[in-house]
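Let's take a friendly walk through a protein structure. Have a look at the sequence and the 3D view, then read on.

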Amino acid sequence: MSIINLAGQRFGRLEVVSLHGRNRHHDALWLCNCDCGNTKIASIQHLKGGWVKSCGCLERDRIEQARTLEAIQNRFWKKVNKDGPTMPRMSTPCWEWQADISKRTGYGRFKLSDGRKVSAHRMAYFLTTGDDPGKLLVCHACDNRPCCNPAHLWKGTHLDNSHDMVKKGRSKKR
């Protein structure tokens, strides 16, 4: 049986370098370089089936990322008071940010481990939905800027936020 040459092909973080030999079932084994710098020997079935995507570093990175996200969540939610006021038109209380609040904007700020500060309500939205809003706004249904209650937050454009402001009578009269 002829062997399909996989040299140069990529599977996840692995790039196939050369044929390494055969396993006890006579399946071709391939030497692969992982993006992290380690090597891995894998069968064509495992590579093409998607069962092997790295030397093992991908799973280690996923575990570390989960630990890091859990640590961020713990640190973040400790700074939130879930017994805040219940604003007009809202059936649940605001969860108010208790740490750094911008004097200029009134929004809470959360400091990441790399020193960057992000808006607390945007971080609350991300932590509860897993969705990075990107360039979109995270708007408050409660109109309470320190609020981090995910039930009060929604993703929208500047236009969406402006329409919400007008609808609620918060726009400046001309």
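The text below goes from the overall shape to the aromatic rings and then to the charged side chains.

## The whole chain

Keep in mind that this is a predicted model. The protein chain contains four helices and 10 strands. If you follow the sequence from start to end, these elements come in the order β-β-β-β-α-α-β-β-β-β-α-β-β-α. The radius of gyration is 25 Å, well over the 16 Å that the globule rule gives for 174 residues, so the protein chain is more spread out than a compact globule. Along the principal axes, the C-alpha atoms fill a box of roughly 80 × 30 × 30 Å.

How much of the protein chain is buried? Buried residues make up 29% of its 174 residues. The protein chain exposes about 11500 Å², and carbon and sulfur atoms supply 51% of that area. Among contacts with a separation of 6 or more, 36% are between residues 24 or more positions apart.

## A group of aromatic rings

Now turn to the rings. A pair of aromatic rings is described by the distance of the centres and the angle of the planes. A search of the whole structure finds five aromatic pairs. In one of them, the ring centres of Phe 76 and Trp 77 are 4.8 Å apart and the planes stand at 90°, so this pair is edge-to-face. Phe 76 also pairs with Phe 110: here the centres are 5.2 Å apart and the planes are at 80°, so this pair is edge-to-face. That second pair links distant parts of the chain, since Phe 76 belongs to helix α2 (residues 57-77) and Phe 110 to strand β7 (residues 109-111), 34 residues apart.

Are Phe 76 and Phe 110 buried or exposed? Phe 76 has 0% relative accessibility and counts as buried, and Phe 110, at 1%, counts as buried too.

Which residues form the aromatic cluster? Phe 76, Trp 77, Trp 95, Trp 97 and Phe 110 form one cluster. Lys 82 meets two of these rings. Its charged end sits over the ring of Trp 77, 5.5 Å from the centre, and Lys 82 also lies over the face of Trp 95, at 4.4 Å from the ring centre.

## Charged partners

The structure holds 12 salt bridges. Three of them are listed here, with the distance between N and O atoms.

| Basic residue | Acidic residue | N to O distance |
|---|---|---|
| Arg 10 | Asp 35 | 2.7 Å |
| Arg 89 | Asp 143 | 3.0 Å |
| Arg 116 | Asp 114 | 2.7 Å |

Arg 10 lies in strand β1 (residues 10-11) and Asp 35 in the loop between β3 (28-34) and β4 (39-43), so their salt bridge ties together parts that are 25 residues apart in sequence. Arg 10 is partly exposed, at 43% relative accessibility.

The salt bridge between Asp 143 and Arg 89 joins two loops. Asp 143 is in the loop between β9 (137-140) and β10 (153-156) and Arg 89 in the loop between β5 (80-81) and β6 (96-97), so the pair ties together parts that are 54 residues apart in sequence. Asp 143 is partly exposed, with a relative accessible area of 26%, whereas Arg 89 is exposed at 57%. Salt bridges with shared partners join Arg 89, Asp 143, Asp 164, Lys 168 and Arg 170 into one network.

Asp 164, a member of this network, sits in helix α4 (residues 158-167). At 9% relative accessibility, Asp 164 counts as buried. Leaving aside residues up to four places away in sequence, Asp 164 touches His 140, Asp 143, Trp 154 and Arg 170.

Definitions and conventions. Residues are numbered from 1 along each chain as its sequence is written. This is a predicted model: local features need pLDDT of at least 70, side-chain atom pairs count only at pLDDT 80 or more; totals for chains, interfaces and linings use all residues. Side-chain values use heavy atoms; hydrogens and water are left out. Rings of Phe, Tyr and Trp (its six-membered ring) pair if their centres lie within 6.5 Å; planes under 30 degrees apart count as stacked, over 60 as edge-to-face and the rest as tilted. Buried means under 20% relative accessible area, exposed over 50%, partly exposed in between (1.4 Å probe, protein chains only). Helices (H or I, at least four residues) and strands (E, at least two) are DSSP runs, numbered from the N terminus. A charge sits over a ring if NZ of Lys or CZ of Arg is within 6 Å of the ring centre and within 35 degrees of the ring normal. Contact means heavy atoms within 4.5 Å. The radius of gyration is taken over C-alpha atoms; the globule rule is 2.2 Å times the number of residues to the power 0.38. Accessible areas come from the Shrake-Rupley method with a 1.4 Å probe; for residues, only the protein chains shown count as cover. A salt bridge is a side-chain nitrogen of Lys or Arg within 4 Å of a carboxyl oxygen of Asp or Glu.
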